[in-house]
Amino acid sequence: MDKQNVQMNAPHPGTNLTGPPGYIGYPGPQAGYPVPPPGYASPGPVGFPVQHQPVTSHPGVPTQVPWMPAPLPPLNCPPGLEYLTQIDQLLIHQQIELLEVLIGFETSNKYEIKNSLGQRIYFAAEDTDCCTRNCCGPSRPFTMRILDNMGREVITLERPLRCTSCCFPCCLQEIEIQAPPGVPVGYVTQTWHPCLPKFTVQNERREDVLRISGPCVVCSCCADIDFEVKSLDDKYVVGKISKHWTGLIKELFTDVDNFGIQFPLDLDVKMKAVMLGACFLIDFMFFEMTRGEQRAGVW
């Protein structure tokens, strides 16, 4: 694990991941976080075997994948986000839907969210109706519900129906991140640019915190596609969201995608959740179609 952290934290050529002089890390969680809704259960004690907790798996999720043990929640941490306090990397694996592969019928997306050790942290499921999925395609509005190992919904992502053309700089893409559900902790908004995919990461008060910038051509053969997470002045790279190459067959005939998210270990836990929301927005905007659909010009 230490070796992985060293490799991951190594700066890219020409970049600086440590921040400007005097950088002491991102601020911790802010005080005064709202009290969670009544009846919201707290995670088990440290070291409590995850396989003995009330919920060990979710429908459609393989049971052999271990869950990450729940750490003690730090002060003022939104319930369910305590898992994110101990990690600086997330892996998101989309599940293959057989019906979608065979006949092209769009089904609800489902994802496993893991740490760098392969332990499952969350399970995410899209909540949309059949008509919305198959009529609006990748531009569809959606609600993404993210559950922890107790089966509790700890994060909710809300994407409204917005414009998808770079020719219209108004009403651009956006996603709201709530943790717990109903309590916004941040937003990711698309920044208009004629060529590059650009986004702004904002906190719950709509204040800009970070920027995300992607490549001009959002496709690649046999290689990962990186979206860099930068400081507001674009001088320092503090992380990245990577779309991983999944193999020729999957890339050509399915819209199943795998992503990796890297961020500073000391980043505010709420901003880590917002980065997760940014990953899902990027997935739907650029990678939800199969390569065959992209070649055919299906939007």
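Two strands count as paired if DSSP finds at least two bridges between them, and strands (E, at least two residues) and helices (H or I, at least four) are DSSP runs numbered from the N terminus. The model is predicted, so local features need pLDDT of at least 70 and side-chain atom pairs pLDDT 80 or more, whereas totals for chains, interfaces and linings use all residues. Residues are numbered from 1 along each chain as its sequence is written, and side-chain values use heavy atoms, without hydrogens and water.

Select Thr143 and Glu158: Glu158, in S5, is the bridge partner of Thr143. Extend the selection to strand S4 (residues 142-147) and S5, which pair in the antiparallel sense over six bridges. Five residues lie between the strands of this hairpin, where Gly151 has a positive phi near 80°.

Next, display strand S6 (residues 174-178), which pairs with S5 in the antiparallel sense over three bridges; here Leu157 stands opposite Ile177. Five of the seven residues of S5 (residues 153-159) are buried (under 20% relative accessible area, 1.4 Å probe, protein chains only; exposed is over 50%, partly exposed in between), so S5 is largely enclosed by the rest of the structure.

Turn now to the aromatic rings. Rings of Phe, Tyr and Trp (its six-membered ring) pair if their centres lie within 6.5 Å; planes under 30 degrees apart are stacked, over 60 edge-to-face and the rest tilted. The count is eight aromatic pairs. Select Phe227 and Phe286, a tilted pair at 5.9 Å centre to centre with 35° between the planes. Phe227 belongs to strand S10 (residues 225-230) and Phe286 to helix H5 (residues 269-287), 59 residues apart.
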